[in-house]
Amino acid sequence: MKYTQIILFSIITLFFTTAVFAQAESEKLNLPGDNLNLYAVLKLFQESPTLESFEKSLNDSSRNINNLDLNADNKIDYIKVSDNADGDIHNISLKIPVSKVEEQDVAVFVVQKLANDKVQVQLIGDEDLYGKDYILEPNMENAVATGETPNPGYSANKLLANGETVVVEQTTTTQIAAWPVVQYIYVPSYQSWNSPWYWDYYPNYWQPWRPVYWHSYYGYHYNWGYQYYGHYRRWNHCRVPGWRDRYYGGNYRSRSPYVQRRYQQGGYRQTYARPQLAGEGVTRFRRDNPTAPAVNKLPRFDKSGTPVRVNPAVTTPSTRPVVKDRPGTKQPGTRPPVVRPDNDNTVKPQPTRPTKPVVRPETRPEVTPAPTRPTRPAVVRPDNNNTLQPVPDRPTRETRPNVRPAPSRPERPAFTPSNPAPRPSVRPAPVRTPSSQPARPNR
């Protein structure tokens with residue numbers, strides 16, 4: 001049981017630390033979307049009365065929200081807003097005309113009306129600009145109460161962000177339904193808003209300006225962290241089932257081949273080349289918002305320009321922890337300090353380190369001899385006095401037990417007849433004469 005609690009505590013600590021540092025990592029994605037802070041876009045959407053006014057404020061230079069230059073003409077791109085209603089779901093897309101024939105999706109507001117006049121809102125960044133599953137939503141109270149939050153950095157009504165504790169303002173789906181822009185799109189007489197502007201045809205009030213480097217843009221919005229992270233949070237999936245397949249697979253999404261090609265060639269990396277301009281963004285923030293609180297110190301940046309922060313909840317000890325004595329054991333004392341020569345140039349003797357006595361055996365343990373064979377005595381080798389011991393004689397053949405002889409066979413008696421007949425002598429061969437031979441006939 002004790003080990004299980006230790007493992008669970010380690011896992012919770014790991015998730016908490018990961019969530020805190022994930023906030024810093026998400027502020028620099030190394031993608032084109034870094035120059036449009038979606039936290040600021042969601043905050044502006046909540047404050048806007050209509051979609052038309054939301055589009056106008058989004059492209060206002062005094063807001064310092066839009067810093068996108070996708071077509072590389074060194075001018076800020078105009079973002080147009082269009083609503084694609086699908087029943088009780090509104091897909092409010094943000095698009096940029098890149099050229100006369102190409103448009104690029106930036107992000108989509110997914111607004112869904114639930115039962116009992118409740119509404120939920122999510123802002124989903126396009127994968128080409130923000131990567132997959134970059135989703136923001138309000139800090140909904142019902143999700144936190146049911147334990148749905150994927151961010152373990154949330155604790156009751158506090159959150160660690162930007163190295164400081166931020167008060168989390170939770171809301172409900174009923175309160176979201178009271179947002180002015182949400183009430184506007186769910187009025188029965190509402191007609192879907194589609195921006196009338198397109199490439200090279202923009203309103204008279206809009207004058208494009210030069211984009212700033214990302215670190216200057218980051219230094220400006222870094223001051224709004226207590227509002228961004230206090231009211232909104234990251235989420236890991238879309239709450240509308242099947243939304244991604246319908247939107248990405250349908251005719252709603254717009255993709256620009258030029259933007260994809262430029263990103264693959266590294267054309268958007270030059271915007272990260274000025275980390276020293278982060279202080280300039282803080283200066284602009286104080287100038288535009290004199291009554292708003294500003295940060296006193298920005299985080300430092302590494303070689304790649306990524307913000308680096310130290311989590312105050314996880315501290316690294318400067319010295320090794322002291323191990324207490326366990327019962328029944330005694331820890332060795334610390335090493336005595338080395339005395340350096342003082343002003344009188346006399347070197348004090350250095351205390352000797354106590355050595356640990358080495359216990360060695362006096363004699364080598366005897367080796368147990370192997371058992372001898374019962375049939376043959378062991379041969380005694382010469383010992384230390386170089387005298388040979390007599391070897392016992394082997395038993396001779398006479399001393400061995402007699403072998404029982406094999407039984408002998410009775411001899412057969414010789415056959416002796418009473419009247420032996422004389423053996424016939426050898427008969428000589430008959431001698432043939434010529435007269436006795438028949439004559440051969442003539443041929």
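Helices, here and below, are DSSP runs of H or I with at least four residues, and strands are runs of E with at least two, both numbered from the N terminus. With that convention, the first stop can be located: Asn35 lies in the loop between α1 (2–26) and α2 (38–47). The model on display is a predicted one.

**The whole chain**

Before selecting individual residues, display the entire chain. Twelve helices and eleven strands make up its secondary structure. Of the 443 residues, 35% are buried. The accessible surface amounts to about 31800 Å², and carbon and sulfur atoms account for 53% of this. Considering contacts between residues at least 6 apart in sequence, 68% connect residues at least 24 apart.

**Stop 1: Asn35**

Select Asn35, in the loop that links α1 and α2. Its relative accessibility is 7%, and since buried means under 20%, Asn35 counts as buried. Show side chains next: that of Asn35 makes a polar contact with the side chain of Asn67, at 2.7 Å. Beyond its neighbours within four places in sequence, Asn35 has contacts that include Ile65, Asn66 and Leu68, as well as Val212, Trp214, Tyr217 and Thr271.

**Stop 2: helix α8**

Two of those partners, Trp214 and Tyr217, are among the buried residues of α8, so select residues 214–221. How many of the eight residues of α8 are buried? The count is eight of eight, and the helix is mostly covered. The buried residues are Trp214, His215, Ser216, Tyr217, Tyr218, Gly219, Tyr220 and His221. They pack against α2, α9 (225–231), α12, β10 and β11 (307–308).

**Stop 3: helix α12**

From α8, move to one of its packing partners, α12. In this helix, residues 278–288, the buried positions are Ala278, Gly281, Val282, Arg284 and Phe285. These residues span an arc of only 160° around the axis, which places them on the same side of α12. Rotate the view to the face turned away from that buried side, where the exposed residues Thr283 and Arg287 are found. The cover over the buried residues of α12 includes α8 and β10 (300–301).

**Stop 4: the six-stranded sheet**

Now select strands β1, β2, β3, β4, β5 and β9, which form an open sheet in the order β1-β2-β3-β4-β5-β9 with antiparallel pairing. Its edges are β1 (80–86) and β9 (232–235), each of which pairs on one side only. On average, neighbouring strands of the sheet are turned by 25° against each other, direction ignored.

**Stop 5: strand β4**

Within the sheet, isolate β4, residues 119–125. Seven of its seven residues are buried, so this strand is largely enclosed by the rest of the structure. Which residues point each way from β4? Val119, Val121, Leu123 and Gly125 point one way, whereas Gln120, Gln122 and Ile124 point the other way.

Add β3 (residues 103–113), which runs antiparallel to β4 and is joined to it by seven bridges. Two opposing pairs may be marked: Gln112 faces Gln120, and Ala107 stands opposite Gly125. Then add β5 (residues 135–138), also antiparallel to β4 and joined to it by two bridges. Here Ile124 stands opposite Ile135.

**Stop 6: the β3–β4 hairpin and Asn74**

Follow the chain from β3 into β4. The hairpin has five residues between the strands, and Asn116 among them takes a positive phi near 60°. Asp117 lies in the loop between β3 and β4; this residue has a positive phi of about 60° although it is not a glycine. Is Asp117 buried or exposed? With 56% relative accessibility, Asp117 counts as exposed.

For another non-glycine residue with a positive phi of about 60°, select Asn74. This residue sits in the loop between α3 (51–58) and β1, and is partly exposed, with a relative accessible area of 34%.

**Stop 7: Phe45**

Finish at Phe45, in helix α2. At 0% relative accessibility, Phe45 counts as buried. What does Phe45 touch, not counting residues up to four places away in sequence? The residues are Leu51, Phe54, Ile92, Phe109, Val111, Val121, Trp179 and Val181. One of these, Val121, belongs to β4. A distance can also be displayed here: the C-alpha atoms of Phe45 and Leu58, which are 13 residues apart along the chain, are separated by 9.0 Å.

How values were computed:
Residues are numbered from 1 along each chain as its sequence is written. This is a predicted model: local features need pLDDT of at least 70, side-chain atom pairs count only at pLDDT 80 or more; totals for chains, interfaces and linings use all residues. Side-chain values use heavy atoms; hydrogens and water are left out. Buried means under 20% relative accessible area, exposed over 50%, partly exposed in between (1.4 Å probe, protein chains only). Two strands pair if DSSP finds at least two bridges between them. The arc is that of the directions from the helix axis to the C-beta atoms. Contact means heavy atoms within 4.5 Å. Accessible areas come from the Shrake-Rupley method with a 1.4 Å probe; for residues, only the protein chains shown count as cover. A polar contact is a pair of N or O atoms within 3.5 Å; within protein, one must be able to donate a hydrogen and the other to accept it, and residues adjacent in sequence count only if both atoms are side-chain atoms. Axes are lines fitted to C-alpha atoms, for helices over the stretch in contact, and angles run from 0 to 180 degrees between N-to-C directions.
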